[in-house]
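Student: I am new to this structure and would like a close look at one part of it. Could you walk me through that part slowly?

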Amino acid sequence: FPQPAAMDSFEKFFKPKVVPNAKKNKAALDKLFQAHSAIAFAAGSMAVLFPHFYGVFLGEEVHGNFFRWSPDNDQVRLTHVVIRLYGCLIFGQGMLVWFARWIVDSAVRRGIVLSYFVVFSMTELVLVGSWLTDSHWHSINVLNMMLFGGLAGFY
């Protein structure tokens, strides 16, 4: 079957290229993957164990002890479930990136980098859009904007 023209350009983009400093570039990407996975392990674990840490970004108020907190509001409990689920995904991404360090196929590694660039760029756009239009925006979310903008830049 003939392939559409879009597939040809897609394959050209992902076709392995000979790069003069390939070993140096691979080592730098491995370090980025390693740092990303370590941070993802920590952030994912924190979201699962202490969802109220992340609830602050969504407008929750701190009640008493920041490390042991049981919300009475059902909406807050639902938010904590969503934060915990997101924490599981973050932790899983950390595992994917950790094991991606041993991938030798440059096309696969390039696909991972491009995918993370798109994910982090889209997240940044959503945060900026929310910042410009949402009346419930918390100023602490500027840290999230800096984080995801930086991650998109690194990838």
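Student: In which helix is the place of Phe-148?

Tutor: Happy to take you there. Phe-148 has its place in helix 6. Keep in mind that this is a predicted model. Let us start with the chain as a whole and then come back to that residue.

The protein chain has six helices and zero strands, and its pattern along the sequence reads α-α-α-α-α-α. It has 155 residues, of which 28% count as buried. If you take the contacts between residues at least 6 apart in sequence, 65% of them join residues at least 24 apart.

Now back to Phe-148. Is this residue buried or exposed? Phe-148 has a relative accessible area of 14%, and a residue under 20% counts as buried, so Phe-148 is buried. Setting aside neighbours within four places in sequence, Phe-148 is in contact with Tyr-86, Phe-120, Thr-123, Glu-124 and Leu-127. Take Leu-127 from that list: Phe-148 and Leu-127 lie 21 residues apart in sequence, and their C-alpha atoms are 9.0 Å apart in space.

Those contacts lead us to a pair of helices. Helix 5 covers residues 106-133 and helix 6 covers residues 141-154; the two pack at an angle of about 150 degrees, and their axes are 8 Å apart. Angles over 145 degrees count as roughly antiparallel, so helix 5 is roughly antiparallel to helix 6. Helix 5 passes helix 6 in a left-handed crossing. On the helix 5 side, the residues that meet helix 6 are Phe-117, Phe-120, Ser-121, Thr-123, Glu-124, Leu-127, Val-128 and Trp-131. On the helix 6 side you will find Asn-144, Met-145, Phe-148, Gly-149, Leu-151 and Ala-152. Sorted by class, this contact of helix 5 with helix 6 has nine nonpolar, four polar and one charged residues.

Phe-120 is a good stepping stone to the next stop, His-36. Phe-120 is in contact with Phe-148, and His-36 touches Phe-120 too. You can find His-36 in helix 2, which spans residues 22-49. With a relative accessible area of 9%, His-36 is buried. Not counting residues up to four places away in sequence, His-36 touches Val-97, Tyr-116, Phe-120 and Tyr-155. With Tyr-155 there is also a polar contact of 2.5 Å between the side chains.

His-36 takes part in the meeting of helix 2 with helix 5. The axes of these two helices come within 12 Å and cross at roughly 45 degrees. That angle makes helix 2 oblique to helix 5, and the crossing is left-handed. From helix 2, Lys-26, Leu-29, Asp-30, Phe-33 and His-36 meet Arg-109, Ile-112, Val-113, Tyr-116 and Phe-120 of helix 5. The residues of this contact divide into six nonpolar, one polar and three charged.

Helix 2 also packs with helix 4, residues 74-100, at an angle of about 160 degrees, with the axes 7 Å apart. Helix 2 and helix 4 are therefore roughly antiparallel to each other, and their crossing is left-handed. His-36 belongs to this contact as well, and among the other helix 2 residues in it are Phe-33, Ala-40, Phe-41 and Ala-43. The helix 4 residues they meet include Ile-83, Gly-87, Phe-91, Val-97 and Trp-98. By class, the contact of helix 2 with helix 4 has 15 nonpolar, seven polar and one charged residues.

Our last stop is Tyr-54, found in helix 3, which is made of residues 51-55. Tyr-54 is partly exposed, with a relative accessible area of 26%. Leaving out residues up to four places away in sequence, Tyr-54 touches Ala-43, Met-46, Ala-47 and Ile-83. Tyr-54 and Ala-43 are 11 residues apart along the chain, and their C-alpha atoms are separated by 9.6 Å. The side chain of Tyr-54 reaches the backbone oxygen of Ala-43 at 2.9 Å.

To retrace the path on your screen, begin at Phe-148 in helix 6, step to Phe-120 in helix 5, and go on to His-36 in helix 2.

Notes
Residues numbered from 1 in each chain as written. Predicted model: local features only at pLDDT ≥ 70, side-chain atom pairs only at ≥ 80, totals over all residues. Heavy atoms only, no water. Axes fitted to C-alpha atoms, helices over the stretch in contact; angles between N-to-C directions. Parallel < 35°, antiparallel > 145°, perpendicular 65-115°, else oblique. Left-handed = near helix turned anticlockwise from the far one by under 90°. Contact = heavy atoms within 4.5 Å. Nonpolar A, V, L, I, M, F, W, Y, C, P; charged D, E, K, R; others polar. Buried < 20%, exposed > 50% of the residue type's maximum accessible area, 1.4 Å probe, protein only. Polar contact = N/O pair within 3.5 Å; in protein donor to acceptor, adjacent residues only side chain to side chain.
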